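Colleague: I should like to go through this structure with you, beginning with its charged contacts. Please explain the reasoning behind each answer.

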Amino acid sequence: MKISEAQQIVKEFARKNKWKDAPSIDKFDHVHEELIEMSQHLRYKNAKESKVTVGKNKRVFEDGIGDLLFSVLRLANQLGIDAENAFGKSSRRIMKKYKSAKKEHNIPGIH
């Protein structure tokens with residue numbers, strides 16, 4: 001499924017449930033809550049412990065990522081942002097930035 005399709009599904013779901021898609025601090029708080037819920041499982045753990053925790057709690061993280069994506073798409077709708085376009089711009093900018101950084105440090109494998 002494309003991001004734009006998912007965003008439309010979320011928008012239609014909100015409309016059917018008579019949720020307002022007006023900018024709201026509540027949606028920012030919801031995104032933050034979803035991140036906190038997942039991060040609590042990894043707090044104070046080293047890399048090895050974190051890997052074990054993720055393995056044992058895969059469903060918790062899968063549900064959390066799903067909730068996070070839904071929340072981010074609701075936020076995008078509230079702000080009138082095309083999430084697919086925003087992701088495309090950000091990913092190109094980030095990849096360009098790190099490609100440039102790797103070239104500057106002569107890291108092999110970057111062309």
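Colleague: How many salt bridges does the structure hold?

Modeller: Please bear in mind that this is a predicted model. A salt bridge requires a side-chain nitrogen of Lys or Arg within 4 Å of a carboxyl oxygen of Asp or Glu. By this rule, the count of salt bridges is three.

Colleague: Which residue forms a salt bridge with Glu12?

Modeller: Glu12 lies in helix H1, and its partner is in that helix too, three residues apart, about one turn of the helix. Glu12 counts as partly exposed, because its relative accessibility is 27%, whereas the partner counts as exposed at 53%. The N to O distance of the salt bridge is 2.3 Å, and the partner is Arg15.

Colleague: How many residues apart are Arg74 and Asp21?

Modeller: Arg74 and Asp21 form a salt bridge, with their closest N and O atoms 3.0 Å apart. The pair links distant parts of the chain, since Arg74 belongs to helix H4 and Asp21 to the loop between H1 and helix H2 (25-39). Their separation along the chain is 53 residues.

Colleague: Is Arg74 buried or exposed?

Modeller: The term buried applies under 20% relative accessible area. Arg74 has a relative accessibility of 6%, while its salt-bridge partner Asp21 is partly exposed at 25%. Because 6% falls under the cut-off of 20%, Arg74 counts as buried.

Colleague: Why are Asp63 and Arg59 separated by about one helical turn?

Modeller: These two residues form a salt bridge in which the closest N and O atoms are 3.8 Å apart. Asp63 is partly exposed at 41% relative accessibility, and Arg59 is exposed at 64%. They are about one helical turn apart because both lie in helix H4 with a spacing of four residues.

Colleague: Let us turn to the aromatic rings. Which residues do ring pairs link into a cluster?

Modeller: There are two aromatic pairs in the structure. In one, Phe13 and Trp19 meet edge-to-face, 5.2 Å centre to centre and with 80° between the planes. Phe13 and Phe70 also form an edge-to-face pair, at 6.0 Å centre to centre and 80° between the planes. The ring pairs therefore link into a cluster Phe13, Trp19 and Phe70.

Colleague: What is the relative accessible area of Phe70?

Modeller: The pair of Phe13 and Phe70 again takes in both edge-to-face rings. It links distant parts of the chain, with Phe13 in helix H1 (residues 3-16) and Phe70 in helix H4, 57 residues apart. Phe13 is partly exposed at 39%, and Phe70 is partly exposed with a relative accessible area of 32%.

Colleague: What is the area of the nonpolar surface patch that includes Ile81?

Modeller: Ile81 is located in the loop between helix H4 (58-79) and H5. With a relative accessibility of 40%, Ile81 counts as partly exposed. Together with Ile25, Phe28 and Leu79, Ile81 makes a patch of about 380 Å².

Colleague: Finally, what distance separates the C-alpha atoms of Lys97 and His41?

Modeller: Lys97 is placed in helix H5 (residues 83-104). Lys97 counts as exposed, because its relative accessibility is 55%. Lys97 and His41 are 56 residues apart along the chain, and their C-alpha atoms are separated by 31 Å.

Note on methods: Residues are numbered from 1 along each chain as its sequence is written. This is a predicted model: local features need pLDDT of at least 70, side-chain atom pairs count only at pLDDT 80 or more; totals for chains, interfaces and linings use all residues. Side-chain values use heavy atoms; hydrogens and water are left out. Helices (H or I, at least four residues) and strands (E, at least two) are DSSP runs, numbered from the N terminus. Buried means under 20% relative accessible area, exposed over 50%, partly exposed in between (1.4 Å probe, protein chains only). Patches are made of residues with over 30% relative accessible area and no salt bridge: like charges are joined within 9 Å, nonpolar side chains (Val, Leu, Ile, Met, Phe, Trp, Tyr) within 5 Å. Accessible areas come from the Shrake-Rupley method with a 1.4 Å probe; for residues, only the protein chains shown count as cover. Rings of Phe, Tyr and Trp (its six-membered ring) pair if their centres lie within 6.5 Å; planes under 30 degrees apart count as stacked, over 60 as edge-to-face and the rest as tilted.
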